[in-house]
Amino acid sequence: MSRRMNRIVSVVVVLMAVLAAQAAADPLPGEVLKFEQFPLVAGPNGGYPGHDEISTIAPANVAPGYTGQYMADDFADKFSTPVVDVGWWGSYLQGSGATQFLISFESDVPADPAGEFSHPGQVLSAQIVTLGALTAGSGTFTETAVPNPGSPDGNLFQYNAELSVPFAEQPNTVYWLKIVAIQQPGQGFVWGWHDRDWSIQNPLASTAPAVSPGEHVLGIVAPGIPVYHFQDDAVSGTMTLDPTTLPLPGPISPGSVHQALGTPQNYILPWDGPAAVPGTTFPGIDSFSKDLAFSLYTRTPEPSTFVLLGLGSLACGLSQWRKARRGL
């Protein structure tokens, strides 16, 4: 083995050890990251704050039950391990104080040659998580404020939920995740799900040919600045939840979730990225379909998880090093 390869292997081993230590503590001991789309967040040195799309249901005014608007996004990773913890980001467009969220995993209806976009299909597993301290399998979630200067939607919050029933995910299989805040009688908040930081690649996501197109570069917004994207658009649509489901937390019947066909969503200006550059071929960020910000964790990782984490991080690091060398 060459000296160069020895150095690369050593770096991977160190990265694996560091990532294993981080994963063991985030969010609960023994839980390991298996998919993550980071949120757009502005900092003291600038950046794009992103925006949120409404994903809230409330008690119906006329008929019994809960109605409103949902957001959903597709995902697939390379591991045959169950999802035991879900993280996500969002903010309140009005009011505050969510105490319950619907988390629903759904099948994929692929895009077809006639031009119909992909969208969520059958509800495979659904449950209601309730605000509270986290323990393994508790069915609770936490809400933590995240600084996000310049956001059009106010304070950003990071959420973390321990599922009471794990989702039995299969490798390289496209699913949809729906996360919806549940407004209780007397509450008046409106909550929205935050969008993904398109500049950060997700090395854990499935790629072609196993999943096509999978995680890929959707386009370029400026020299050396790609837009990373998984599969197809996040979608927005209307939904209802049967009245017998609430206010009880925990697993619910998949048949109690009813939804209309979702509409694909794009990033928007100026919150999500740069505008088109006049006199060039570079489009604005608003021409690209959006992803949402969320993460998935497992408690029983495959040994290959850490290898892929290490190789993915190493690849990203080498890419950044090469850009620095070129002065990008």
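This text walks through the structure from the whole chain down to single residues. The model is predicted, so local features need pLDDT of at least 70, side-chain atom pairs count only at pLDDT 80 or more, and totals for chains, interfaces and linings use all residues. Residues are numbered from 1 along each chain as its sequence is written, and side-chain values use heavy atoms, with hydrogens and water left out.

The secondary structure comes to 2 helices and 18 strands. Helices (H or I, at least four residues) and strands (E, at least two) are DSSP runs, numbered from the N terminus. The chain has 328 residues, and 47% of them count as buried. Buried means under 20% relative accessible area, exposed over 50%, and partly exposed in between, with a 1.4 Å probe and protein chains only. Of the contacts in the chain with a separation of 6 or more, 76% are between residues 24 or more positions apart; contact means heavy atoms within 4.5 Å.

Strand β5 covers residues 83-94, and 10 of its 12 residues are buried, so it is largely enclosed by the rest of the structure. Two strands pair if DSSP finds at least two bridges between them. Strand β5 runs antiparallel to β9 (residues 156-167), with 8 bridges. It is also joined by 4 bridges to β18 (residues 294-298), again antiparallel, and by 4 bridges to the antiparallel strand β11 (residues 190-194). W88 stands opposite Y159 in β9 and has F294 as its bridge partner in β18. Q94 stands opposite V190 in β11.

Another pairing involves β12 (residues 215-222), which is joined to β13 by 6 bridges and runs antiparallel to it. In this pair I220 stands opposite P226. The hairpin of β12 and β13 has 2 residues between the strands, and G224 takes a positive phi near 75 degrees there. In β13, 5 of 6 residues are buried. The loop between β13 (225-230) and β14 (235-241) holds A234. A234 has a relative accessible area of 0% and is therefore buried. Its C-alpha lies 5.9 Å from that of Q265, although the two residues are 31 apart in sequence.

Next come the charged residues. A salt bridge is a side-chain nitrogen of Lys or Arg within 4 Å of a carboxyl oxygen of Asp or Glu. The whole structure has 9 of them. In one, K34 pairs with E169, the closest N and O atoms being 3.2 Å apart. K34 is in strand β1 (residues 32-37) and E169 in the loop between β9 and β10 (175-182), 135 residues apart. In another, E106 and K178 have their closest N and O atoms 2.4 Å apart. E106 lies in β6 (residues 100-109) and K178 in β10, so this pair ties together parts that are 72 residues apart in sequence. Both E106 and K178 are buried. R196 forms a salt bridge with E215, with closest N and O atoms 2.6 Å apart.

What is the nearest side chain of opposite charge to D74? Lys and Arg count as positive and Asp and Glu as negative; His and the chain ends are not counted. The answer is R196, 8.2 Å away, and D74 is buried yet has no salt bridge. D74 sits in strand β4 (residues 66-75). A polar atom of the D74 side chain lies 3.2 Å from the backbone nitrogen of D232. Leaving out residues up to four places away in sequence, D74 touches several others, among them S118, W176 and F294.

Key: A polar contact is a pair of N or O atoms within 3.5 Å; within protein, one must be able to donate a hydrogen and the other to accept it, and residues adjacent in sequence count only if both atoms are side-chain atoms.
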